[in-house]
Amino acid sequence: MKEEIMKRTEAFVKQMMGRDSTGHDWHHVDRVRRNALNISKKEQSGDPFIIEMAALLHDIPDDKLNNSHEEGRHKLAGFMDVLDLPPAVKKHITEIIFSISFKGGKGPKLSSAEAKIVQDADRLDAIGAIGIARAFAFGGKKGQPIFDPSLSVRDNMTVEEYRNGESSSIHHFYEKLLQIKDSLHTATAKEMAKERHQFMEAFLTQFYSEWNGQA
Ligand code: ADP
Ligand code: NI
């Protein structure tokens, strides 16, 4: 029965996110799902079914992919409603999904092991080689420059500033990506983040040296 629910959820998510080009496509979801399950296994923590469901559905109500919060909420609730699962399980999955988003680091404190694991997996996908690719894809879609040396790095942003303020994709590394390794919950994710973090630092060093005509 759980297998059938999972298949149905996969099909729903593929249909909803298949053509997204902001870095939130089906493959992002699939990577988050696999990393979350691996972390859970290594840590021997969390319910794998809850983790897999929350990972699959985590971007469905995201405000970037919906016209309003209300629309996102509705989309997720409409799908959850028809699943043959106990109300408490649905509630837990829904709570995880709404609690994990980054939003400039202003999210609520997470309580469940499952929420921490899915958030770690989602954040791991924002760093390293994949994270670099996603940042420039997102930046291009948003119409922001690759880099603008005249802009300063922002900190203590409101969610509104984080989403709509003037910035560049290179700035996003300082505003979010380089902070991710220190925001992870599980030892397994922290370990996985090390190599990805170093890779981003090496990327930035090379980027500036090419930018300045020194490479
Ligand atoms: P979440 O979906 O967890 O709230 P974000 O929406 O901030 O997180 O980020 C989702 C993806 O888009 C990440 O890979 C992130 O690096 C990228 N992204 C978000 N904002 C920007 C930005 N201003 N410039 C470049 N990439 C961004
Ligand atoms: Ni995500």
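Here is a short chat about a predicted model with a bound nickel ion.

Trainee: Okay, which residues coordinate the nickel ion (ligand 2)?
Mentor: His-28 and His-58 each use NE2, while Asp-59 and Asp-122 use OD, at 2.1 to 2.5 Å.

Trainee: How are those donors spaced along the chain?
Mentor: The pattern reads H-x29-H-D-x62-D. Asp-59 sits in the loop between α3 (48-57) and α4 (69-81), and Asp-122 is in helix α6 (residues 113-124), so this pair ties together parts that are 63 residues apart in sequence.

Trainee: And Asp-59 and Asp-122, buried or exposed?
Mentor: Both Asp-59 and Asp-122 are buried.

Trainee: Why is the arrangement around the nickel ion irregular?
Mentor: Because the angles between the four donor atoms run from 81 to 171°. A tetrahedral call would need all angles between 85 and 135 degrees.

Trainee: Switching to α3, how many of its residues are buried?
Mentor: Nine of its ten, so α3 counts as mostly covered. Among them are Phe-49, Glu-52 and Leu-57.

Trainee: What covers them?
Mentor: The cover includes α1 (2-17), α2 (26-43), α4, α5 (87-99) and α6.

Trainee: What happens at the start of α3?
Mentor: There, a side-chain oxygen of Asp-47 comes to within 2.8 Å of the backbone nitrogen of Phe-49.

Trainee: New topic: where is Ser-169?
Mentor: Ser-169 is in helix α9 (residues 169-175). Its relative accessibility is 1%, so Ser-169 counts as buried.

Trainee: Which residues is Ser-169 in contact with?
Mentor: Setting aside neighbours within four places in sequence, Ser-169 is in contact with Ala-135, Phe-136, Gly-139, Gln-144, Pro-145 and Ile-146.

Technical notes
Residues are numbered from 1 along each chain as its sequence is written. Chains are lettered from A and ligands numbered from 1 in the order in which they are written. This is a predicted model: local features need pLDDT of at least 70, side-chain atom pairs count only at pLDDT 80 or more; totals for chains, interfaces and linings use all residues. Side-chain values use heavy atoms; hydrogens and water are left out. Donors are N, O and S atoms within 2.8 Å of the metal (3.2 Å for Na, K and Ca); water is not among the atoms, so sites may look incomplete. Four donors count as tetrahedral if all angles lie between 85 and 135 degrees; four count as square planar and six as octahedral if opposite donors are over 155 degrees apart and all others between 65 and 115; anything else is irregular. Helices (H or I, at least four residues) and strands (E, at least two) are DSSP runs, numbered from the N terminus. Buried means under 20% relative accessible area, exposed over 50%, partly exposed in between (1.4 Å probe, protein chains only). Contact means heavy atoms within 4.5 Å. A polar contact is a pair of N or O atoms within 3.5 Å; within protein, one must be able to donate a hydrogen and the other to accept it, and residues adjacent in sequence count only if both atoms are side-chain atoms.
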